[in-house]
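Here is a friendly walk through some features of the model that is shown next. Keep the viewer open as you read.

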Amino acid sequence: MVGETRFSGRVAVVDDDASVRRALARLFRSIDIEVVTQDSGPAFLASPALHDVDCLVLDVHMPGMSGLEVLDEVKVAASKLPVVLMTGRFQADFAERAIAAGASGFLRKPFTDSELFAAVAEATGEQVP
Amino acid sequence: MTPLAFDPTDFLESGPLVPFVMDTKETLLWVGPQAVDLLGYPAERWMDPGFWDEIVVDDDLGQVRDARRGGAASGTGVSVEYRVRKADGVVLWLAEVGRVASADGQLRIHGYLYDVTERKLREVALWKSEERIRSVLRNAPDAMVLTGADGRVQNMNARAESLFQYQLADIAGSLIDPLVPERLRARFRELREAFADDSERRSLVVGEAFAIEQREGVEVPVEIGMSRVAGLDGEDQILNSFRDLTARRRVEAQLRSSERRVRQIANVLPAMVCFVDGEERFRFVNDAYAEWYGWQRHQMEGRRVREVIGESAYAEVEPAFRAALAGTATHVRGEVADAAGATRSVDMSFVPQFDEKDAVDGFFSVVFDVTSEVRAEQADRLHREELAHVARVATLGELAASIAHELNQPLSAVVANAQAARRLLDRDSPDIGEARAALEDVASDARRAGDVISSMRQLLQRGETRQEALDLQRLVSDVVELVHSEAVLRGVEVRVSPAEDVATEVQGDAAQLTQVFLNLVKNGIESTSRLPTVPRRVTVGFVAVGGSVEVHVTDNGPGFGSDDLEGLFQPFVTGRPDGLGMGLTISRTITEAHGGSVVAENVPGGGARLRVRLPLSDRDRRPTPDG
């Protein structure tokens, strides 16, 4: 459910791929949404951003700690934080697994800006942009 | 009584007997007047003391002298025949008969001369003819029996006596016919009589198989011949020859049995065997050869090769024929059509045969039908390619996630940057600097995606094994690049030790060898990723070994649990729950197809190592201490 209010919060992007982080950050900024980035789950969980962002856009496949593991931690540490999972791999049941794991939205890479904004909007209940 | 109307003087002076009186020194004292007509010399010449020396043929002179002087001395008289030369040069035979008489205390020889030339010539001819027959009989290698035209035995040689086991005395005057067995006797008689009647015919060799019967009743196979000997009295004699074939039969039988043995051997060989002579005619073919062309063996033997195998097949083998007939053995693999017209692959060997003078008198040709082997080879190659393809696909399956990831990462960035750039430019106050940065990132991420795709394409390619010059160091670096994201994902460091002093140029198929190293490096990554602690490491190094290079893929994982390191190369043997267990099998198959080898070993102190050895390209081969 997307309400009437326009999303004005901050977004965190966690992805081990620097190009992706930079590109997504640039895309959010182009519509004047504030972005913080982290290159791994543990780094995000340890950062103040965990409690200071309104939406987390999280890559599933990362070395060390996977996005799903990060999601579990987020559910514990910041249960209200809406999380949009991204995956670059083909996985038929990805959507089910993402929802089952507690994600508010999911994206298959590559995705367009409108798919990204729609997912964030869906996750937060506010309009993007 | 009427006086006898006979004048003895007239008789003495005109008869065919020439009377003479001679002293003991052989000088004529008187000779009948007909002597002048007999030899053509005037009467006074006859009285010369050296007369006989002049007219008697040299060879007979001694004999004449001995007879006269000996006869006179002993008083027994003279009887001698000798040759004299007439005044016209013609030689004639004289017979001289005399007796010793005494007159006035001197010894004289009173006697007659008469011409015996005609009788003498006949005697000599007869003697010569008999001598010839005797010589033929004596020297003949065969048994000889001389008969008259009537078939009655006149003479036989020693060989005949030993062959028939009769003495001449036993059968002289009997018909020859009983010497052959009764069943052949009528036929023999028929032949013999036909030959005797056909006076134009000088000799005959009886072509049919004959036999003689020995005294004991034993039959001996013989070849019979007949020749005509002209007799002086007008009656021909016939010389019958009997050649004992026992020995020849034995040799023939041996030859036949040895040929039969050769044929038997040749027939059980799984090959087509033939002997071709200098005129390119089949002299010997085994059953397989005849069957191949759908001929009967005896139809092929003696025929020209060209006629049997056809022009096009002949054209194909002709160079090898020429070489073989020039003394060079050749081996050819080719394709020929069999009797049914089906194409078969054959290995053909042509081996020249030398006679005792070292001249080529033909060649043996041995042809193996290798159709099934060739098909198996093709199938094997196909199978190997299939296997490699399956492995690639399987690996791709395993890698699918990371491949998609690998590709989707840059694509995501491209899309995001492009759309960010548009939005940045669409603003009321466009942020051109940031838009440019976004577009630069688009370009670089697009390149990254392209690189991923081209690496994938190499892997996906399916084709025959190619032979191209490859630098293994570069190939391995590409592989490491390919697994980079997976390695990062699993926290494994993959490192390539530069091959500074080691040649790494090989010939091979890039896609297949990439497959090999991809398998090995991925195995290493997977093994080490199960380690609880860091560092997890896979190292690739290069070692020169003789004319080869060894690529060592070493990890610091738990090593191979099993002692059966060879077993690792069996299909479906795996240490991983999700693996197919085909990786090492395929790696070895491919490596061996490249003339190389793969061995697995445990590293002392922990870890596993796979050593891939591949032959260097020729130009990179160089002597090394252990090579």
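Helices and strands here are DSSP runs, numbered from the N terminus, with at least four residues for a helix and at least two for a strand. Please keep in mind that this is a predicted model.

## The sheet of chain A

Let's begin with chain A. Its open sheet has 5 strands in the order S2-S1-S3-S4-S5, and the pairing is parallel. Strand S2 (34-38) and strand S5 (105-108) of chain A are the edge strands, each pairing on one side only. On average, neighbouring strands in this sheet are turned by 20° against each other, direction ignored.

At one edge, strand S4 (residues 83-87) of chain A runs parallel to S5(A), and 4 bridges join the two. Which residue is the bridge partner of A:Thr87 in S5(A)? The partner is A:Arg108.

## Two helices that cross

Helix H1 (residues 18-30) and helix H5 (residues 113-124) of chain A pack with their axes 11 Å apart, at an angle of about 75°. Angles of 65 to 115 degrees count as roughly perpendicular, so that is the description for H1(A) and H5(A).

From H1(A), the residues A:Leu24, A:Leu27 and A:Phe28 meet A:Asp113, A:Leu116, A:Phe117 and A:Val120 of H5(A). By class, the residues of this contact are 6 nonpolar, no polar and 1 charged.

## Backbone details worth a look

Two cis peptide bonds in chain A may interest you. One runs from A:Lys109 to A:Pro110, with omega near -5°; A:Pro110 sits in the loop between S5 and H5 of chain A. Another joins A:Val128 and A:Pro129, where omega is about -10°, and A:Pro129 belongs to the segment after H5 of chain A.

There is also A:Asp32, which is not a glycine and yet has a positive phi of about 65°. You will find A:Asp32 in the loop between H1 and S2 of chain A.

## The sheet of chain B and its helices

Now for chain B. Here an open sheet of 5 strands follows the order S18-S20-S21-S23-S22, with mixed pairing. Its edge strands, each pairing on one side only, are strand S18 (492-496) and strand S22 (597-602) of chain B. Neighbouring strands of this sheet are turned by 20° against each other on average, if direction is ignored. S18(B) pairs with strand S20 (residues 536-545) of chain B in the parallel sense over 5 bridges, and B:Arg495 stands opposite B:Thr539 in S20(B).

Helix H17 (residues 472-482) of chain B packs on this sheet, where it touches S18, S20, strand S21 (548-555) and strand S23 (608-615) of chain B. The direction of H17(B) makes about 170° with that of S20(B). Helix H19 (residues 510-529) of chain B lies across S18, S20, S21 and S23 of chain B, and runs at about 140° to S20(B).

## A cavity in chain B

How many cavities of 30 Å³ or more does the structure hold? There is 1, and the volume of the largest cavity is about 140 Å³. Its lining has 16 residues, and those nearest its centre are B:Tyr289, B:Tyr293, B:Val317, B:Met348 and B:Val367.

Several elements of chain B give two or more residues to this lining: strand S12 (272-277), helix H11 (287-293), helix H13 (305-309), helix H14 (311-325), strand S15 (343-354) and strand S16 (360-369). What is the class make-up of the lining? The residues divide into 15 nonpolar, 1 polar and no charged.

Note on methods. Residues numbered from 1 in each chain as written. Chains lettered and ligands numbered in written order. Predicted model: local features only at pLDDT ≥ 70, side-chain atom pairs only at ≥ 80, totals over all residues. Heavy atoms only, no water. Pairing = 2+ DSSP bridges. Axes fitted to C-alpha atoms, helices over the stretch in contact; angles between N-to-C directions. Contact = heavy atoms within 4.5 Å. 1 Å grid on protein atoms, 1.4 Å probe; cavity = no way out; pocket = protein on both sides within 12 Å on 5 of 7 lines; lining within 4 Å. Points joined across faces, edges and corners; volume = space filled by probe spheres on them. Nonpolar A, V, L, I, M, F, W, Y, C, P; charged D, E, K, R; others polar. Parallel < 35°, antiparallel > 145°, perpendicular 65-115°, else oblique.
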